[in-house]
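Hi,

Here is the structure I said I'd pass on. Have a look at it first, and my notes follow below.

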Amino acid sequence: MKTKRIIRDSVLKGITYIASFISIIILVAILFFIFAKGSKGLTWDFITGDNEPKSYTISILSNNELIENDKYENYAKRFGVAFEDSVNYDKEPVVKIVFVDDKSPLHSVIDSITGEKVSVSEGFYFTTFIEIVDDNGNTDYIYAREGAKVASEKLANAKKIKDWALSYEGGGIRGSIITTVYLVVLTLLIGFPIGILTAVYLHEIAPKNRFINILRSFIDMLTGVPSIIYGLLGAALLIPVSQMVLQTDSIGGNVLSGALTLSIMILPVVIKATESALDVVPKDYKLASLALGVNEVQTTFKVILPNAMPGILSAALLTIGRVIGESAALIYAIGTSIKDVVSIDGKGTSLAVHIWSVMAGENPNVEVATSIAIIILALVLVLNLIVKYISHRLDKKFKGV
Amino acid sequence: MIRNRDNKNKNIIVNKTVKSFLLLATVLSASIILLIIWQITKNGLKPFLTFYDGRKINFFHFIVGTRYSTTNYQIGFIIINTLYVVLLAILVSVPISVLTALFIAKIANKHFSRILTTVIEVLAAIPSIVYGVFGAGYVTIIVKNLGNALGIVTAGGISVLSSVLVLTMMILPTITMLSITAFKSVPREVEEGSLALGASKIQTYFNVTLKAAVPGIFAGIILGVGRALGEATAVSMVAGNLSSGPSFSLFDPTRTLTSTILIGFKETEGLDYDIRFSIGMVLIAIILLVNFILNYFRKRISDKYEN
């Protein structure tokens with residue numbers, strides 16, 4: 001009888017062990033997958049580069065003096081440029097520029113077709129050939145298929161580059177990073193204060209009556225609204241509003257309409273976080289202040305809020321986390337076109353929507369998506385850790401836990 | 001003396017102004033839900049009331065039909081598929097969540113319990129787009145391989161099963177966290193009573209604590225169902241684009257209400273745009289209805305357990 005019970009107990013205990021283990025497996029699998037796929041593509045060029053691919057045709061004279069550098073293997077001294085064999089998006093072999101010296105003439109060249117000023121930098125590549133003229137005035141060709149080593153050797157003897165079709169692959173996320181920053185700042189400026197004020201009113205000042213109860217239940221209902229619905233609201237109402245504010249008549253969303261949508265979306269989060277921050281402040285503080293003859297508003301702003309400040313900071317961090325992670329609402333409220341030049345009245349994608357854009361097409365690009373996912377994950381996790389630390393400190397301060 | 005009175009008057013005015021300003025912010029926050037309902041209904045009813053190139057959508061066909069394309073906007077089967085996927089996700093995640101919560105709250109030592117709590121919190125903090133990438137890049141491939149092993153051809157792993165797995169991962173932390181709270185708030189006396197009667201610790205946890213925590217766990221399930229019904233991005237990346245249905249086979253592609261709203265969204269006007277609001281309207285109605293039903297059951301359950 002007793003052994004039977006011990007066996008049964010052990011089995012049940014074992015089941016809870018297994019169940020708990022599943023969560024760990026899920027987390028490890030997600031982290032492992034994201035890092036294994038994404039870490040290789042997460043380079044400085046990727047973070048700071050343009051997204052739009054470009055191509056140029058340039059011609060230029062070499063420098064009179066040689067630009068010394070011994071760090072790179074396939075390096076052409078006359079032009080201060082180093083090559084590497086690589087492949088482009090379409091997996092074609094290309095010769096890629098991995099280094100351009102500060103003194104290189106390539107930093108400022110004129111596109112011979114558009115007349116546009118171009119600064120050749122790391123990440124540019126060519127797939128066809130370079131037409132060069134050597135010191136004796138003979139024309140020669142450097143073919144991309146000959147590889148980086150031959151290209152650097154031949155270019156080292158060139159007096160002039162006569163014709164060079166250069167491409168820039170794009171795929172960088174600088175524009176999306178800037179858009180995300182815009183959205184975070186605007187949301188903190190628009191939505192966050194409204195949330196704080198609402199929470200302060202409901203928690204400290206509101207009388208107990210039916211009207212307030214109705215307001216409260218309306219706000220509670222917001223918690224259950226899915227983000228896609230906020231997106232629909234953004235598309236139907238906030239895009240026209242933002243167009244009116246910005247005086248533009250461009251079709252579709254803009255960064256402001258996205259920020260307005262997010263401002264609404266974060267309201268329940270901010271209100272809840274602020275209310276729990278206010279909960280932590282001991283009631284004695286309020287009573288003591290009121291007993292000294294200070295009125296409610298002064299008490300709230302001079303006694304309660306300063307003491308709730310760390311909690312309100314947590315609310316701000318949670319807001320930032322939500323904005324960084326949000327995708328569905330923004331797809332509707334701004335759109336999915338990735339932009340390199342960001343302005344409040346223009347379109348753009350946050351990092352999360354950038355992922356959606358590269359995954360939603362005919363050929364989903366998991367590598368790029370996971371590289372961005374690493375950034376998002378890192379930011380969100382750091383923010384959450386700080387929030388946890390703050391609430392731990394607060395508990396210590398007021399409860400002595 | 002006069003100065004003092006002036007100051008007092010000024011104070012009262014400031015006090016009143018600030019208060020009404022705060023009230024304004026509160027009314028603004030509360031009016032959002034009305035704005036949502038108004039805007040979604042206004043735009044969502046449009047396809048049934050106006051003509052698009054000489055055709056109007058019949059609401060009855062829309063709500064019960066079994067075909068979805070640019071010529072037939074019928075979402076009956078999508079509703080069924082959505083509920084089916086969410087139901088499966090709940091069936092998978094609830095036992096795992098409850099057992100995990102029991103382990104964290106009662107069985108594990110302090111150190112291990114803290115680690116696991118952090119794991120759950122991290123899972124809860126991961127944004128849905130990351131789950132989507134994981135789903136599209138990893139889960140679908142596992143499902144595809146599983147299908148191959150069983151001799152079933154899948155659409156690259158885009159399937160009911162993938163959607164269920166991704167949703168399970170996403171609602172697991174929600175239900176677990178609420179279940180932990182439920183287990184921790186079971187009164188000690190209840191457990192001590194059971195232990196004093198000679199039951200072992202494990203027997204007590206499974207027979208007494210678990211039962212006492214059911215109402216709290218149910219609250220977690222309600223939250224999880226809400227999250228699963230409304231989840232858009234991650235599901236859209238693994239669910240597929242089923243054009244007629246419903247389909248119940250685990251390896252077939254599917255289509256949920258949210259994925260239908262999200263996938264293929266390009267234009268900013270016309271029927272294909274407006275119909276998405278109609279689907280949003282139905283989504284809200286279903287979330288409210290499911291919530292209402294579950295809350296009814298929760299009430300009955302907690303009444304039962306409290307008596």
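To start with a small puzzle: which residue in S9(A) does A:Ile132 stand opposite? Bear in mind while you look that this is a predicted model.

The partner is A:Asp140. The two strands involved are S8 (residues 129-134) and S9 (residues 139-143) of chain A, and they pair in the antiparallel sense over 5 bridges. Between these strands the hairpin has 4 residues, and A:Gly137 takes a positive phi near 90° there. S8(A) also pairs with S10(A): these run antiparallel too, joined by 5 bridges. If you want a spot to find that pairing on screen, go to A:Asp134, whose bridge partner in S10(A) is A:Ala158.

While you are in that area, look at A:Tyr143. The charged end of A:Arg145 sits over the ring of A:Tyr143, 4.5 Å from the ring centre.

Stepping back for a moment, chain A is divided into domain 1 (53-168) and domain 2 (174-399). The centres of these two domains, taken over C-alpha atoms, are separated by 47 Å.

Now the aromatic rings. Over all chains, a search of the whole structure turns up 24 aromatic pairs. One of them is A:Phe83 with A:Trp164, an edge-to-face pair with 6.3 Å centre to centre and 70° between the planes. A:Phe83 belongs to strand S3 (residues 81-87) of chain A and A:Trp164 to strand S10 (residues 158-168) of chain A, so this pair ties together parts that are 81 residues apart in sequence. Both A:Phe83 and A:Trp164 are buried.

Another pair involving S10(A) is A:Phe124 with A:Tyr168. This one is tilted, at 5.2 Å centre to centre and 45° between the planes. Since A:Phe124 lies in strand S7 (residues 124-126) of chain A and A:Tyr168 in S10(A), the pair ties together parts 44 residues apart in sequence. A:Phe124 is buried, and so is A:Tyr168.

There is also a cluster of rings with members from chains A and B: ring pairs link A:Tyr332, B:Phe265, B:Tyr273 and B:Phe277.

On to the helices. Helix H7 (residues 255-280) of chain A has 26 residues and reaches 36 Å from its first C-alpha to its last, close to the 38 Å expected at 1.5 Å a residue. H7(A) does bend, by about 40° at A:Ile266, and the proline A:Pro268 follows within four residues. Of the 26 residues in H7(A), 21 are buried, so this helix is largely enclosed by the rest of the structure.

Chain B has a helix worth looking at alongside that one. Helix H3 (residues 76-107) of chain B has 32 residues, and its span from first C-alpha to last is 45 Å, close to the 46 Å expected at 1.5 Å a residue. H3(B) has a kink of about 30° at B:Ser93, shortly before the proline B:Pro95. Here 25 of the 32 residues are buried, so H3(B) is also largely enclosed by the rest of the structure.

One last residue to click on: A:Leu186, in helix H4 (residues 174-205) of chain A. Is A:Leu186 buried or exposed? It is buried, with a relative accessible area of 13%, the cut-off for that label being under 20%. The C-alpha atoms of A:Leu186 and A:Ile344 are separated by 9.5 Å, although the two residues are 158 apart along the chain.

Cheers

Key. Residues are numbered from 1 along each chain as its sequence is written. Chains are lettered from A and ligands numbered from 1 in the order in which they are written. This is a predicted model: local features need pLDDT of at least 70, side-chain atom pairs count only at pLDDT 80 or more; totals for chains, interfaces and linings use all residues. Side-chain values use heavy atoms; hydrogens and water are left out. Domain bounds come from an automatic or database domain assignment. Rings of Phe, Tyr and Trp (its six-membered ring) pair if their centres lie within 6.5 Å; planes under 30 degrees apart count as stacked, over 60 as edge-to-face and the rest as tilted. Buried means under 20% relative accessible area, exposed over 50%, partly exposed in between (1.4 Å probe, protein chains only). A charge sits over a ring if NZ of Lys or CZ of Arg is within 6 Å of the ring centre and within 35 degrees of the ring normal. Two strands pair if DSSP finds at least two bridges between them. The expected span of a helix is 1.5 Å times one less than its number of residues. The bend at a residue is the angle between axes fitted to the seven residues ending there and the seven starting there.
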